[in-house]
Amino acid sequence: MITILASYAQEESRSASENQKWRIRRNFEEGVPGKAYMLGYRQRGTKYEVVPEEAAIVRRIFNDYLSGMGYAAIASSLNNDSIPSFFDKKWCQTAVLSVLNNYAYTGNLILQQTFRENHLTKRTLVNNGELPQYHIEASHEPIIDIGTYTLVQLEM
């Protein structure tokens, strides 16, 4: 009897997971991003709004990198100036790299960059073509121009 009940529970979990995935994909097709937290932006409904004070930090990171500073030097500089990271923590190389790699700062989005393996493991995997990705141009106000982003990516 327990096996039968467990089987029903697992099927219900799978069904709920499939429904959720369907809803998320429909939103992506319509250009609606999922919930995201980014330095420089706050999500209001389905749109990103620029936070000017944080946008200045993002621009500084890109400019510092293009002027020849490394990740550690940029993090150290931000910490020395008492500039908190997004979650009010100290800056580290990984946080700086995350900002420099974030395509959303150009005002464009690539949706469905990751996905969940299945409803049991809930492991998040990078989407390397297993599922469609959606490129949304001019979805929100850019903090940096696409040329600056491209230069940084080439430098990296």
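M1, I4, L5 and Y8 make up a nonpolar patch on the surface, and their accessible area together comes to about 520 Å². The model is a predicted one. Of these residues, Y8 sits in helix α1, which covers residues 2-29. Y8 counts as exposed because its relative accessibility is 61%, and the threshold for that class is over 50%.

After α1, the description turns to a strand pair. Strand β1 (residues 41-44) runs antiparallel to strand β2 (residues 47-50), and four bridges join the two. Y41 has V50 of β2 as its bridge partner. Together β1 and β2 form a hairpin with two residues between the strands. In the turn, G45 has a positive phi of about 65 degrees.

Y41 also belongs to an aromatic cluster, whose other members are Y48, F62 and Y105. Y41 falls within the residue range of β1, and Y48 within that of β2.

Two members of that cluster, F62 and Y105, reappear in the interior. The largest nonpolar core contains 30 residues, and F62 and Y105 are listed with I61, W91 and V99 as those with the most contacts inside it. Several elements supply at least two residues each to this core: the helices α2 (52-66), α3 (71-80), α4 and α5, and the strands β3 and β6 (134-136). Helix α2 provides the largest share, six residues.

The structure holds seven aromatic pairs in total. One of them joins Y103 and Y149 in an edge-to-face arrangement, with 5.5 Å from centre to centre and 65 degrees between the planes. The angle qualifies because edge-to-face requires planes over 60 degrees apart. Y103 lies in the loop between α4 (93-100) and β3 (109-111), while Y149 belongs to helix α5 (residues 146-155), so this pair ties together parts that are 46 residues apart in sequence. Both Y103 and Y149 are buried.

A last position to look at is L125, in strand β5 (residues 124-126). Is L125 buried, exposed or partly exposed? Its relative accessible area is 23%, so L125 is partly exposed; buried would require a value under 20%. Between L125 and S98 there are 17 Å in space, C-alpha to C-alpha, and the two are 27 residues apart in sequence.

Technical notes:
Residues numbered from 1 in each chain as written. Predicted model: local features only at pLDDT ≥ 70, side-chain atom pairs only at ≥ 80, totals over all residues. Heavy atoms only, no water. Phe/Tyr/Trp six-rings, centres within 6.5 Å; stacked < 30°, edge-to-face > 60°. Buried < 20%, exposed > 50% of the residue type's maximum accessible area, 1.4 Å probe, protein only. Pairing = 2+ DSSP bridges. Patch = residues over 30% accessible without salt bridge, like charges linked within 9 Å, V, L, I, M, F, W, Y side chains within 5 Å. Areas by Shrake-Rupley, 256 points an atom, 1.4 Å probe, with all protein chains shown as cover. Salt bridge = Lys/Arg side-chain N within 4 Å of Asp/Glu carboxyl O. Core = buried A, V, L, I, M, F, W, Y, C linked by side-chain atoms within 4.5 Å.
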